[in-house]
Amino acid sequence: MIAFVSGQVAAAGPDGAVIDVHGVGLAVQCTPATLAGLRVGDQAKVPTSLVVREDSLTLFGFADDDERTVFELLQTASGVGPRLALAMLAVHTPNALRRAVAAEDLTALTKVPGIGKKGAQRIVLELKDRLGGPVGDGAAEVRAPAASEAWRTQVQMGLINLGWSAKDADAAVDAVAADLDGAEAPPVAALLKSALKKLAK
């Protein structure tokens, strides 16, 4: 297992980053919230989990060790693979997922793209005794909703990491916000892709 990677952030995109570890660029798949904390050119230490498949080796990166632990525990539930586990952490914090499972909050779980009511019921049934209760101060319930001001910062940072100026990033974010017109927004990764399309015009 590769527990973490440490090195310079060589590149960042909507779904992941490349960390230069002694001249070797390691591609790491991350949640938007994790990516928002990575800036191209900066040094970073990213906790990771290596998922081995017959035809691939995929490295997933996280904001901290707790996020990685929950990512791995989520995959012990039937039908939950690494992509879905990462999507769950893109929508909810680790403590929010613990609370949702403990309280059998199916509504919270079905906010994750790819999880329906039956899937949420199965996750609750299989993980209720594995995830445990919230850890730390437990202050953060859910990732800030994409419709709030928080998504603007994450998308702006993503664009800047991709090489756009702060001025261009602000303009693209404003354009995406105008398109939403108060409607519930999609996940941050989708918003970032929309902003990139605005800049490409």
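Select helix α6, residues 117–131, and look at leucine 125, where α6 bends by about 35 degrees; the bend at a residue is the angle between axes fitted to the seven residues ending there and the seven starting there. Helices (H or I, at least four residues) and strands (E, at least two) are DSSP runs, numbered from the N terminus. The expected span of a helix is 1.5 Å times one less than its number of residues, so the 15 residues of α6 should span 21 Å, and the 19 Å between its end C-alpha atoms agrees with this.

Before going on, note that this is a predicted model, in which local features need pLDDT of at least 70 and side-chain atom pairs count only at pLDDT 80 or more, whereas totals for chains, interfaces and linings use all residues. Residues are numbered from 1 along each chain as its sequence is written, and side-chain values use heavy atoms, with hydrogens and water left out.

**Around helix α6**

Stay on α6 and color Gly119, Ala120, Ile123, Val124, Leu127 and Leu131, which are its buried residues. Buried means under 20% relative accessible area, exposed means over 50%, and partly exposed lies in between (1.4 Å probe, protein chains only). Show next α2 (65–74), α3 (82–91), α4 (94–102) and α5 (106–109), because the buried residues of α6 pack against these helices, a contact being heavy atoms within 4.5 Å. Step just past the end of α6 to glycine 132, which takes a positive phi of about 75 degrees.

**Salt bridges to pick out**

The structure holds 4 salt bridges, each defined as a side-chain nitrogen of Lys or Arg within 4 Å of a carboxyl oxygen of Asp or Glu. Begin with lysine 128 and glutamate 104, which form a salt bridge whose closest N and O atoms are 2.6 Å apart. Lysine 128 lies in helix α6 and glutamate 104 in the loop between α4 and α5, so this pair ties together parts that are 24 residues apart in sequence. Lysine 128 is partly exposed, at a relative accessible area of 36%, and glutamate 104 is partly exposed too, at 46%.

Select then aspartate 179 and lysine 198, which form a salt bridge with their closest N and O atoms 2.4 Å apart. This pair links distant parts of the chain, with aspartate 179 in helix α8 (residues 166–180) and lysine 198 in helix α9 (residues 188–200), 19 residues apart. Aspartate 179 is exposed, with a relative accessible area of 53%, while lysine 198 is partly exposed at 27%.

Move now to arginine 68 and aspartate 65, another salt bridge, in which the closest N and O atoms are 3.3 Å apart. Both residues lie in helix α2, 3 residues apart, about one turn of the helix. An α-helix has 3.6 residues a turn, so residues three or four places apart point the same way. Arginine 68 is buried, with a relative accessible area of 13%, whereas aspartate 65 is partly exposed at 46%.

**Threonine 48 and the strands**

Arginine 68 also leads to threonine 48, which touches several residues beyond four places away in sequence, among them Val5, Val28, Gly61 and Arg68. Threonine 48 sits in strand β4 and is buried, at 0% relative accessibility. Its C-alpha atom is separated by 6.9 Å from that of valine 5, although the two residues are 43 residues apart along the chain.

Show the strands around it, remembering that two strands pair if DSSP finds at least two bridges between them. Strand β1 (residues 4–12) is joined by 5 bridges to β4 (residues 43–53), and the two run antiparallel; here valine 5 has valine 46 of β4 as its bridge partner. On β5 (residues 56–61), which also runs antiparallel to β4 and is joined to it by 6 bridges, glycine 61 is the bridge partner of threonine 48. β4 and β5 form a hairpin with 2 residues between them.

**The whole chain, colored by confidence**

Zoom out to the whole protein, which has 9 helices and 5 strands, and of whose 201 residues 40% count as buried. Color the model by pLDDT, the predictor's confidence in each residue, from 0 to 100: the average is 84, and 90% of the residues score at least 70. Confidence is highest in strand β3 (residues 24–29), at a mean of 95, and lowest in helix α7 (residues 150–161), at 73. Finish at residues 144–148, where pLDDT stays under 50 and the model has 8 contacts beyond four places in sequence.
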